[in-house]
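Subject: Structure handover

Hello,

Here is the structure you asked to take over. Please open it beside this email and follow the notes as you read.

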Amino acid sequence: MAATIQDIATKAQVSIATVSRALNGKTNVTKETRDKVLAVARELNYIDSSQESKSALDENYIVTLSYNFGPQSVLFNNVLAGITEICQASGYRILNYVYSTEDSIDPIIGLMNEGFFKGLILTEVDDRVSKKLQEIYNKDFIVQCCGYNPSLNLPYVITDNRKAAMKATEHLISLGHTKIGVLSYSSASVFCKERFRGFKEAMQFHGIPVKESWVYQVNSLNYEPAYCLAKSVLSYPDRPTAFFALTDYFALALVNAAKHLGIKIPEEVSVIGFDDLEVATLSIPGITTMRQNFKQMGSIGSSILLNAINGTPLAKNEYLLEADLIMRETTGVCLERG
């Protein structure tokens with residue numbers, strides 16, 4: 001069987017696009033990479049390279065682009081599943097690209113300049129990168145999905161974070177809790193702002209004051225700093241009887257810190273999280289949380305994009321999805337400490 005461009009990419013440990021550029025004499029390939037690709041092509045007795053490399057660039061690709069947020073990045077797997085299901089059914093292939101620095105976006109920029117793909121789905125992207133992409137790419141073929149940057153004039157599909165946070169807070173209030181604290185993220189991210197806004201609106205609706213000293217800020221989305229903060233918070237004599245954690249990792253930190261301090265969950269402290277990640281089900285006790293419908297987000301986002309590519313105008317720019325309350329073992333009736 002004759003060698004293919006995929007065989008060259010695999011053996012040379014580069015992308016198909018890089019092989020295509022090298023074989024076609026494009027200038028945005030380093031000499032070292034070009035020489036390696038050509039050497040592998042000769043080794044595999046590759047023939048008719050011009051025709052196949054051109055067809056490789058003519059593939060219908062949809063690119064999903066997301067920022068590496070550490071443990072929180074796992075939630076994008078379900079988003080990607082929804083995107084993949086819809087796009088593949090329509091004859092498109094998916095290129096999933098995760099970046100960690102602004103400079104690491106350059107390979108995607110190169111593919112854009114070559115017209116390598118049909119559309120772009122931003123699942124969670126840094127502000128500077130979002131604006132950079134919008135400047136060089138046709139904004140009609142970019143959709144925000146799961147992540148959302150309000151400064152970009154682009155359609156987006158997200159959870160209604162404000163409404164979901166209100167529902168989470170209402171659940172705690174329905175159990176008799178009025179001393180409710182929040183474990184939040186110190187970043188100015190949109191999802192944190194919207195979830196905290198929903199929390200405050202629910203508290204205000206019920207005439208319960210929000211105690212600012214019970215709003216705790218974690219300096220990252222990682223578990224370890226949240227756990228350190230949770231141990232400190234739960235050690236205070238005047239602590240809340242319940243916590244709304246803005247992510248499941250923060251909720252897990254509270255649950256494990258309570259165990260470490262001998263505090264019973266939910267008898268002494270109730271905890272509700274957000275996302276319904278796997279850690280919420282693996283935790284003992286299982287974490288009550290708000291479930292985001294990530295796969296549905298991916299399906300709707302990709303459908304919007306494909307409609308745009310096919311010339312169908314958008315009916316609206318904003319698509320807000322409901323989150324579901326998943327009740328497990330970390331929330332219970334308030335038993336006020338004497």
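**Thr330 and its surroundings**

A polar atom of the Thr330 side chain lies 2.9 Å from the backbone nitrogen of Thr288. Before going on, please note that this is a predicted model.

The side chain of Thr330 also has a polar atom 2.6 Å from the backbone oxygen of Val271. In the chain, Thr330 belongs to the segment after β12. Is Thr330 buried or exposed? Its relative accessible area is 0%, so Thr330 is buried. Leaving out residues up to four places away in sequence, Thr330 touches Val255, Ile265, Pro266, Val269, Ser270, Val271, Pro285, Gly286, Ile287 and Thr288.

**Two cis peptide bonds**

Two of the prolines that Thr330 touches, Pro266 and Pro285, deserve a look at the backbone. The peptide bond from Ile265 to Pro266 is cis, and its omega is near 5 degrees. Pro266 sits in the loop between α11 and β9, the latter covering 270–275. Another cis peptide bond joins Ile284 to Pro285, with omega about 0 degrees. Here the loop is the one between α12 (278–282) and β10 (288–291).

**The mixed sheet**

β9 and β10 are strands of an open sheet with 6 strands, in the order β7-β6-β8-β9-β10-β12. The pairing in this sheet is mixed. Which strands stand at the edges? They are β7 (215–218) and β12 (324–326); each has a single partner strand, so one side of each has no neighbour in the sheet. On average, and ignoring direction, neighbouring strands of this sheet are turned by 20 degrees against each other.

Within the sheet, β8 (residues 242–245) and β9 run parallel and are joined by 3 bridges. Phe243 has Val271 in β9 as its bridge partner. Val271 is also the residue whose backbone oxygen lies 2.6 Å from a polar atom of the Thr330 side chain.

Helix α11 packs on this sheet and touches β6 (180–185), β7, β8, β9 and β10. The direction of α11 makes about 155 degrees with that of β9.

**The nonpolar cores**

The largest nonpolar core has 69 residues, and the members that touch the most others are Leu234, Phe244, Phe250 and Leu254. Which helix gives the most to this core? Helix α11 (residues 248–261) does, with 9 residues. Apart from this core lies another one of 30 residues, which includes Ile8, Leu23, Val63 and Ile109.

To see one member of the largest core up close, select Leu234. Neighbours within four places in sequence aside, Leu234 is in contact with Arg239, Phe243, Leu254, Ala257, Ala258, Leu261, Ile263 and Val269.

**The parallel sheet**

There is also an open sheet of 6 strands with parallel pairing, in the order β2-β1-β3-β4-β5-β11. Its edge strands are β2 (93–99) and β11 (318–321), each pairing on one side only. From one strand to the next, the twist averages 15 degrees. β5 and β11 pair in the parallel sense over 4 bridges. One residue to find here is Val157, whose bridge partner in β11 is Tyr319.

Helix α13 (residues 294–309) lies across β1 (61–67), β3 (119–124), β4, β5 and β11. The helix runs at about 170 degrees to β4.

**Positive phi and cysteines**

Two residues have a positive phi although neither is a glycine: Gln13, at about 60 degrees, and Cys146, at about 85 degrees. Gln13 lies in the loop between α1 (5–12) and α2 (16–23), and with a relative accessible area of 72% it is exposed. Cys146 lies in the loop between β4 (142–145) and β5 (156–159). At 16% relative accessibility, Cys146 falls under the 20% limit and therefore counts as buried.

How many disulfides does a search of the whole structure find? The number is 0. For reference, a disulfide is a covalent bond between the sulfur atoms of two cysteines. Other cysteines to look at include Cys192, which counts as buried at 4% relative accessibility, and Cys228, which counts as exposed at 53%.

Regards

Terms used
Residues numbered from 1 in each chain as written. Predicted model: local features only at pLDDT ≥ 70, side-chain atom pairs only at ≥ 80, totals over all residues. Heavy atoms only, no water. Core = buried A, V, L, I, M, F, W, Y, C linked by side-chain atoms within 4.5 Å. Buried < 20%, exposed > 50% of the residue type's maximum accessible area, 1.4 Å probe, protein only. Contact = heavy atoms within 4.5 Å. Disulfide = S-S within 2.5 Å. Pairing = 2+ DSSP bridges. Axes fitted to C-alpha atoms, helices over the stretch in contact; angles between N-to-C directions. Polar contact = N/O pair within 3.5 Å; in protein donor to acceptor, adjacent residues only side chain to side chain.
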